[in-house]
Amino acid sequence: MITLGIESSCDETAIAIVANGKLLASSVSSQHDVHAKYGGVVPELASRRHMETIAPLLEHTLGKAHLKLANIQGVAATFAPGLAGALLVGLTTAKGIAFAHNLPFIGVNHLEGHINAVHLEYQGIPFPHVVLVVSGGHTSLYEVKAFGSYQLLGATRDDAAGEAFDKVAKFLGLGFPGGPHLEKLAALGNPKAFRFTRPKFNDDSAFDFSFSGIKTAAALAFERTADKTEQMKADLAASFQDHVVQFLTDRLFSAAAHTQAKAIVISGGVAANGHLRETVARPATVAKLPHFIPSRHLCTDNAAMIAYVGEQYLIRGKRSPWSQNAVASAEVGV
Ligand code: KG4
Ligand code: ZN
């Protein structure tokens, strides 16, 4: 089967083609230039840029795969979660292509895409495994028992980890989106210079996260330091990053132990962070726990993961109705 995937949930227009679980071509057009001056994604501008980009990006991606629309056998698009107006651009394009070419169509949850992106690079990942999805909008832990069978183990109660990276980067005067810039600055700093405390929950929440307190503590530490040197900023970036990374890693390993997982996986934009990748890989190697970390381009938003999940469902005979709408918030495995 040859499946076209479209992703437009936030500020990346992305198109990919997957054939029987293998990636043929993937293109991502980022809108960072549009939103940088506002320091965050402006929904209306995001939708408009998706509208301008999507058709040329489709032609470009078909060209990369040496294919024509007539070769496509199924179409998948992200329907949730995300900015409704942005989602509608990709979803409507996908439905239009499927309708015009008499092809099966399937709507895909973006989070299910992140959970499964790893299968594009690694075959035979044992079940059950635990996936940490850590991005700008989500920080969640899932037990994956089989393709399509997910149990949500825990999630952030406030900000997503990527959101906290972006906000700290913003007050440090770094570029947008902040995560990659903060990582670069952190490489020059001392991770032990500032100490942050972990949030404590009163109820049964072993696998939940919270990042708004850490973000506020970092902002206060910045405000209270009179001498705002470049070294101080690097130290603060390194200390914040290390604290978040240790928190994410500890939760991931406790969830793996709790569920007797046969493997661990990380995914989502923050999984592109080098410090997180190393901090997860090292103890996993020591403990001989198989760990699978997708390449950076499959961690950040992309359509390859949407085409992959869509194709798996289409192969199993699942279809979405033509009335499939965009949905702003939707979990998987609840
Ligand atoms: O998965 P993604 O591309 O979009 C969402 O679904 O949210 O994730 C974007 C998030 C942003 O918050 C961005 O700053 C963060 O991932 N990010 C990083 C890095 N690369 C992207 N955070 C920390 N270090 C990075 N290298
Ligand atoms: Zn994402």
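This passage looks at ligand 1 and the pocket that holds it in a predicted model.

A good place to start is the pocket itself. Ligand 1 takes up the space of the largest pocket, which encloses about 1200 Å³. The elements giving two or more residues to the lining of this pocket are H4, H5 and H6, and H5 provides the largest share, with seven residues. In total, 43 residues line the pocket, and those nearest its centre are Cys10, Ser135, Gly136, Gly137 and Asp166. Sorted by class, the lining comprises 20 polar, 15 nonpolar and eight charged residues.

Turning to the ligand, 19 residues surround ligand 1, and the ones that come nearest are Gly136, Asp166, Glu183, Gly269 and Asp301. This shell contains 11 polar, five nonpolar and three charged residues. At least two shell residues come from each of three helices, namely H4 (110-116), H5 (161-171) and H6 (178-186).

Several polar contacts can be picked out at the atomic level. The side chain of Glu183 places an N or O atom 2.7 Å from a nitrogen atom of ligand 1. For Asn273, a side-chain N or O atom lies 3.0 Å from a nitrogen atom of the ligand. Gly162 takes part through its backbone instead, with an N or O atom 3.1 Å from an oxygen atom of ligand 1. With the protein around it, ligand 1 has 88% of its accessible area covered, out of the 550 Å² that it has on its own.

Definitions and conventions
Residues are numbered from 1 along each chain as its sequence is written. Chains are lettered from A and ligands numbered from 1 in the order in which they are written. This is a predicted model: local features need pLDDT of at least 70, side-chain atom pairs count only at pLDDT 80 or more; totals for chains, interfaces and linings use all residues. Side-chain values use heavy atoms; hydrogens and water are left out. A residue is near a molecule or strand if one of its heavy atoms lies within 4 Å of it. A polar contact is a pair of N or O atoms within 3.5 Å; within protein, one must be able to donate a hydrogen and the other to accept it, and residues adjacent in sequence count only if both atoms are side-chain atoms. Accessible areas come from the Shrake-Rupley method with a 1.4 Å probe; for residues, only the protein chains shown count as cover. On a 1 Å grid over the protein atoms alone, a cavity is a set of points where a 1.4 Å probe fits but cannot get out, and a pocket is an open set with protein on both sides within 12 Å along at least five of seven lines; lining residues have an atom within 4 Å of a point. A molecule sits in a cavity or pocket if more than half of its atoms lie within 2 Å of its grid points. Helices (H or I, at least four residues) and strands (E, at least two) are DSSP runs, numbered from the N terminus. Ala, Val, Leu, Ile, Met, Phe, Trp, Tyr, Cys and Pro count as nonpolar, Asp, Glu, Lys and Arg as charged, and the others, Gly among them, as polar. Grid points are joined across faces, edges and corners, and a volume is the space filled by probe spheres set on the points.
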